[in-house]
Amino acid sequence: DAAALPGATLIRGTALASPAGLETFATLARPARCIRRCVLDDAVRDRALAAGCTPLLRDVRVGSDPLLDEFDLVIDARGAHTAAANAVGLRAYWRVPREAMTTHERGCVRLFTDAAFPRGYAWIFPLDEGDDAVRLNIGVGMLRSDSRRGHTVTDFLARFETRNPMLRR
């Protein structure tokens with residue numbers, strides 16, 4: 001429900017870019033919405049509480065705590081803490097004047113690959129589209145084991161920013 005999630009940007013398409021820079025675009029059969037994670041998390045929590053859920057904060061492993069057997073449904077909200085971290089990522093939020101972006105750019109989620117970082121990927125997600133500006137979530141992620149001097153997640157983000165035509169503009 002778009003009214004329940006203010007600031008959600010209407011997404012009408014997706015793009016996937018190859019290491020050679022070729023992009024494939026797809027129009028979604030039904031529009032989707034892209035929103036900041038903290039806004040989504042708050043909305044899910046608020047709706048769960050309104051439906052009668054009781055929040056419990058426990059450090060448990062599913063299948064190892066008998067308390068969990070008492071519930072029909074358990075939401076595991078540990079996120080990045082569910083297992084040993086094997087990846088690293090960096091993201092930034094850029095506020096871009098609305099008129100500096102095409103309608104297609106404002107409504108398209110983009111994923112990129114790069115031959116220099118073969119087991120990583122980069123992204124541009126439009127968020128918080130307002131009347132005057134769009135907030136973009138821009139970032140990169142890669143396996144921690146691929147990191148070495150001159151080939152870190154920071155290097156990847158710098159490379160992505162300088163090589164991506166949309167970000168250069």
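## Exercises on a predicted chain

Ala85 is found in the loop between α1 and β3 (87–97). Helices (H or I, at least four residues) and strands (E, at least two) are DSSP runs, numbered from the N terminus. This is a predicted model: local features need pLDDT of at least 70, side-chain atom pairs count only at pLDDT 80 or more, and totals for chains, interfaces and linings use all residues. Residues are numbered from 1 along each chain as its sequence is written, and side-chain values use heavy atoms, with hydrogens and water left out.

### Exercise 1: the whole chain

Find how many helices and strands the protein chain has, and in what order its elements run.

**Solution.**
- Count the elements. The protein chain has 4 helices and 6 strands.
- Read from the N terminus. The order is β-β-α-β-α-β-β-β-α-α.
- Check burial. Of the 169 residues, 30% count as buried. Buried means under 20% relative accessible area, exposed over 50%, and partly exposed in between (1.4 Å probe, protein chains only).
- Check contacts, meaning heavy atoms within 4.5 Å. Among those between residues at least 6 apart in sequence, 58% join residues at least 24 apart.

### Exercise 2: the loop residue Ala85

Decide which class of accessibility Ala85 falls in.

**Solution.**
- Take the value. Ala85 has 45% relative accessibility, so it counts as partly exposed.
- Look across the chain. Ala85 and Leu143 are 58 residues apart in sequence, yet 9.3 Å apart in space, C-alpha to C-alpha.

### Exercise 3: helix α1

Compare the expected span of α1 with the distance between its end C-alpha atoms, then find where its buried residues point.

**Solution.**
- Work out the span. The expected value is 1.5 Å times one less than the number of residues. For the 14 residues of α1 this gives 20 Å, and the end C-alpha atoms are 20 Å apart, which agrees.
- List the buried residues of α1: Val39, Ala43 and Ala48.
- Look down the axis. The buried residues of α1 fall within an arc of 165 degrees, so they line one face of the helix. The arc is that of the directions from the helix axis to the C-beta atoms.
- Place Leu40. This residue is in α1 (residues 37–50). At 35% relative accessibility, Leu40 counts as partly exposed.
- Step past the helix. Just after α1, Gly52 takes a positive phi of about 100 degrees.

### Exercise 4: the largest nonpolar core

Which residues of the largest nonpolar core touch the most other members, and which elements give two or more residues to this core?

**Solution.**
- Fix the term. A nonpolar core is a set of buried Ala, Val, Leu, Ile, Met, Phe, Trp, Tyr and Cys residues joined through side-chain atoms within 4.5 Å.
- Find the best-connected members. Of 18 residues, Ile124, Leu136, Val140 and Phe160 touch the most others.
- Name the elements. Two or more residues come from each of β5 (117–127), β6 (133–143), α3 (153–163) and α4 (165–168).
- Find the largest share. Strand β6 gives 5 residues.
- Recall the background. In soluble globular proteins, nonpolar side chains tend to be buried together.

### Exercise 5: the two sides of α3

Sort residues of α3 into buried and exposed.

**Solution.**
- Start with the buried residues of α3. They are Val153, Phe156, Leu157 and Phe160.
- View them down the axis. They fall within an arc of 100 degrees, so they line one face of α3.
- Turn to the other side of α3. Thr154 and Thr162 are exposed there.
- Ask what the buried residues of α3 pack against. The partners are β3, β4 (108–114), β5, β6 and α4.

### Exercise 6: two buried acidic residues

Find what the side chains of Glu105 and Asp146 reach.

**Solution.**
- Begin with Glu105 in α2 (residues 103–106). Its relative accessible area is 9%, so Glu105 is buried.
- Follow its side chain. It reaches the backbone nitrogen of Thr102 at 3.0 Å.
- Move to Asp146, in the loop between β6 and α3. With a relative accessible area of 18%, Asp146 is buried.
- Find its partner. A polar contact of 2.7 Å joins the side chains of Asp146 and Arg119. Such a contact is a pair of N or O atoms within 3.5 Å; within protein, one must be able to donate a hydrogen and the other to accept it, and residues adjacent in sequence count only if both atoms are side-chain atoms.
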